[in-house]
Amino acid sequence: MTYSTSSQTQTQTLDAAARAILKTNDRGGYTVPNGRVYPFQWNWDSAFVALGFADFDRDRAWVEIETLFEAQWDDGFLPHIVFWKDDSGYFPGASVWDAHKNPATSGITQPPVAASVIRWLWDSGSKSAREAERMAALYPKVLKWHRWFARHRDPEGRGLVVATHPWETGRDNSPEWDYPASGVDISAVGSYERRDTSHLDAQMRPTKLDYDRYLAIVQFGRDHDWDHDVIARTGPFRVADVGMTMILLRANRDLLALAKILGRSKDYAEIEASIEKTRAGIDWLWNDEVEAFCSRDLISGRSSAMITSASFLSFYAGVGTEKQNQSLIAHLDRISSKIDKMLPSLDPDHEAFDAMRYWRGPCWAVVTFLVARGLLDEGQSEWAERLRLDTAALIRDTGFYEAFCPVSGRGTGGDLFSWTAAMWLFWAG
Ligand code: 2M8
């Protein structure tokens, strides 16, 4: 693409602003998503942030992932938050999770994008001996995390990822979780003080009922000493999440590619079997009525029947028949005719659509990026470019917000946000 001088200058200014955000949010070895609202290290945020650092400091990019894996538990589990330092600005902090680890961590995980990010890092670099060493050192840790998913997060053996907390999905208050979480007993939650709503407009955040349920599920995990087997089999929230499943499937494909680069031939069959299991099981998430991949509640067996941004991650995972893909593209056409900027986190035709409230409508650059990558890989380059240009326009017009209103383009959540800056540098800008 050719830019006019003024748009070139604008791009350079935004590049500089994005780099400054990552530097400001860098706490030395790890980056906070936003200094005020989220003062710790978050799992999938850090993976995306590494891609941003790769634009100007490759060493720092690798360090981000290496630091995250320093908090890996012995059994391969990789926590969703690492509390490297205390900070009273966020709730629930380390003492609420009470996971008895050093460093202190939460007891749940997040979408496993690390393997894919490591592959992007490797592919975009000079393939130096030093980077090969770093990749080789991370590889067994990522494999161990994927094995943890296979052992502890697929109790029915369907090849799908079971999320045991809405926070694990990264799409915290998606309406997909309203029904599955409705059975959570909140009677023993007691009183607590939220911090998010003192930093941000409560209208943009999950509700009090959402938080009561989040905390009741945390209490269950804590009461069971974070025994992930027990939690995945008997916990109060158990959902086959379309987002985590698609992301793990792609991550396994990328892990296999890393294994091949590193010549770890003894692992090929195991990783191939995981890929095949998910590929074979994915149709359980296809909903014929809405013609899309949707998450499914394991407790009731019920499909959410909701089209979310995660539904389109099937392209990224490399699954879907031709007919299924056509239906999904038709949904993209329809959705884009209803709003100004793609990709909203929920179908705007759904009654639960809420343009400013977090994962119930706003556009999130990271998911839009993954969907765009998938569309590009599957030959849908026009759609991939549309998603990129829309994301770039949202950032250019509004700033580096946590998320954006798909109707007005307004920023929602925190500003000067690390993963939005990273997505600008690695992809959208
Ligand atoms: C949001 O989630 C945290 C809990 O993990 C929160 O709202 O307190 C989500 O957007 C999640 O996907 C993200 O990783 C995290 C930090 O950016 O914030």
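What follows is a friendly exchange about a predicted model of a protein chain with a ligand.

Me: Before we start, what should I keep in mind about the model and its numbering?
Reply: The model is predicted, with local features needing pLDDT of at least 70, side-chain atom pairs counting only at pLDDT 80 or more, and totals for chains, interfaces and linings using all residues. Residues are numbered from 1 along each chain as its sequence is written.

Me: What makes the protein chain as compact as a globular protein of its length?
Reply: Start with the content: there are 17 helices and 10 strands, where helices (H or I, at least four residues) and strands (E, at least two) are DSSP runs numbered from the N terminus. The radius of gyration, taken over C-alpha atoms, is set against the globule rule, 2.2 Å times the number of residues to the power 0.38. For 429 residues the rule gives 22 Å, and the chain has 20 Å, which is close, so the chain is as compact as a globular protein of that length. Its C-alpha trace spans about 60 × 50 × 50 Å along the principal axes.

Me: Why is Leu416 called buried, and Glu291 partly exposed?
Reply: A residue is buried if 20 or more other C-beta atoms lie within 10 Å of its own, exposed if 12 or fewer, and partly exposed in between, with C-beta atoms placed from the backbone. Leu416 has 21 such neighbours, so it counts as buried. Glu291 has 17, so it is partly exposed. Over the 429 residues of the chain, 54% count as buried.

Me: What is notable about phi in Glu291 and Leu416?
Reply: Glu291 has phi near 55°, a positive value in a residue other than glycine, and sits in the loop between strand E6 (286–287) and strand E7 (292–293). Leu416 has phi near 45°, again positive in a non-glycine residue, in the loop between strand E10 (411–412) and helix H17 (418–428).

Me: How do you know that E1 and E2 pair?
Reply: Two strands pair if DSSP finds at least two bridges between them. E1 and strand E2 (residues 81–83) are joined by 2 bridges and run antiparallel, so they pair. Trp42 stands opposite Ile81 in E2.

Me: Why are E1 and E3 called edge strands?
Reply: The open sheet has the order E1-E2-E3, with antiparallel pairing. Strand E1 (41–42) and strand E3 (104–105) each have a single partner strand, so one side of each is left without a neighbour in the sheet.

Me: What makes E4 and E8 edge strands?
Reply: In the open sheet E4-E5-E8, paired antiparallel, strand E4 (162–163) and strand E8 (296–297) each pair on one side only. Strand E5 (residues 239–240) is joined to E8 by 2 bridges, with Ala240 partnered by Arg296.

Me: What makes up the shell around the ligand?
Reply: A residue is near a molecule if its C-beta atom, placed from the backbone, lies within 6 Å of it. The ligand is surrounded by Pro33, Tyr38, Trp42, Trp44, Asp45, His80, Trp167, Gly170, Asp172 and Asp196. Ala, Val, Leu, Ile, Met, Phe, Trp, Tyr, Cys and Pro count as nonpolar, Asp, Glu, Lys and Arg as charged, and the others, Gly among them, as polar. The shell therefore has 5 nonpolar, 2 polar and 3 charged residues.
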